[in-house]
Amino acid sequence: MKITQELVDYVSTLSRLRLPEAEKAKMAAEMEQIVSYMDTLSTLDTDHVEPMSHIFPLKNVLRPDEVLPSSPREELLAGAPDGDAETFRVPKAVE
């Protein structure tokens with residue numbers, strides 16, 4: 001696939017970049033290299049390759065859930081600048 005000046009302009013518009021004219025030629029060459037590499041990869045036979053999400057096997061390392069007692073509410077609310085026995089009070093944020 002040939003990368004044209006119009007395609008470079010289109011991609012730079014999509015990515016919200018303003019490329020100087022001097023960089024547009026360099027960007028076209030780099031995009032050409034990327035596309036040619038993708039063409040090389042697309043020639044590979046991947047019919048018997050299982051899809052994967054990571055190159056290394058990953059396992060979730062999670063601790064088991066344990067029910068523990070919570071902190072006392074009075075202690076948690078003790079430092080509140082404005083609160084009652086059960087909640088924090090905050091200024092109204094939405095009219």
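How many salt bridges does the count come to in this protein? The count comes to 2 salt bridges, and Asp9, Glu21 and Lys24 are linked by them in a network. The model is a predicted one.

## Confidence of the model

The mean pLDDT of the protein is 87, and 100% of its residues reach 70 or more. Among the elements of the protein, helix H1, which spans residues 5-14, has the highest mean pLDDT, at 93. Helix H3, spanning residues 73-77, has the lowest, with a mean of 83. As a general caution, predicted coordinates should not be read in detail where pLDDT is low.

## The salt bridge between helices H1 and H2

Side chains of opposite charge can pair when their charged atoms come close. In this model, the side chains of Asp9 and Lys24 meet in a salt bridge, with an N to O distance of 2.9 Å. Asp9 lies in helix H1 and Lys24 in helix H2, so the pair ties together parts that are 15 residues apart in sequence.

The two partners differ in their exposure class: Asp9 is partly exposed, with a relative accessible area of 27%, whereas Lys24 is buried, with a relative accessible area of 12%. The value for Lys24 places this residue in the buried class because that class covers relative accessible areas under 20%.

## The salt bridge within helix H2

Glu21 also forms a salt bridge with Lys24, and the closest N and O atoms of this pair are 3.2 Å apart. Both residues lie in helix H2, 3 residues apart, which is about one turn of the helix. The side chains of Lys24 and Glu21 are likewise recorded as making a polar contact, at 3.2 Å. Glu21 is exposed, with a relative accessible area of 58%.

## Surroundings of Lys24

Which residues is Lys24 in contact with, leaving aside its neighbours within four places in sequence? These contacts are Gln5, Val8, Asp9 and Leu19. Asp9 is thus both a contact of Lys24 and its salt-bridge partner.

## A nonpolar patch on the surface

Ile34, Tyr37, Met38, Leu41 and Leu44 form a nonpolar patch on the surface. Together, these residues have about 510 Å² of accessible area.

One of the patch residues, Ile34, is located in helix H2, which comprises residues 21-42. Ile34 is exposed, with a relative accessible area of 53%. Helix H2 therefore holds both an exposed patch residue, Ile34, and the buried Lys24.

How values were computed
Residues are numbered from 1 along each chain as its sequence is written. This is a predicted model: local features need pLDDT of at least 70, side-chain atom pairs count only at pLDDT 80 or more; totals for chains, interfaces and linings use all residues. Side-chain values use heavy atoms; hydrogens and water are left out. Patches are made of residues with over 30% relative accessible area and no salt bridge: like charges are joined within 9 Å, nonpolar side chains (Val, Leu, Ile, Met, Phe, Trp, Tyr) within 5 Å. Accessible areas come from the Shrake-Rupley method with a 1.4 Å probe; for residues, only the protein chains shown count as cover. A salt bridge is a side-chain nitrogen of Lys or Arg within 4 Å of a carboxyl oxygen of Asp or Glu. Helices (H or I, at least four residues) and strands (E, at least two) are DSSP runs, numbered from the N terminus. Buried means under 20% relative accessible area, exposed over 50%, partly exposed in between (1.4 Å probe, protein chains only). A polar contact is a pair of N or O atoms within 3.5 Å; within protein, one must be able to donate a hydrogen and the other to accept it, and residues adjacent in sequence count only if both atoms are side-chain atoms. Contact means heavy atoms within 4.5 Å. pLDDT is the predictor's confidence in each residue, from 0 to 100.
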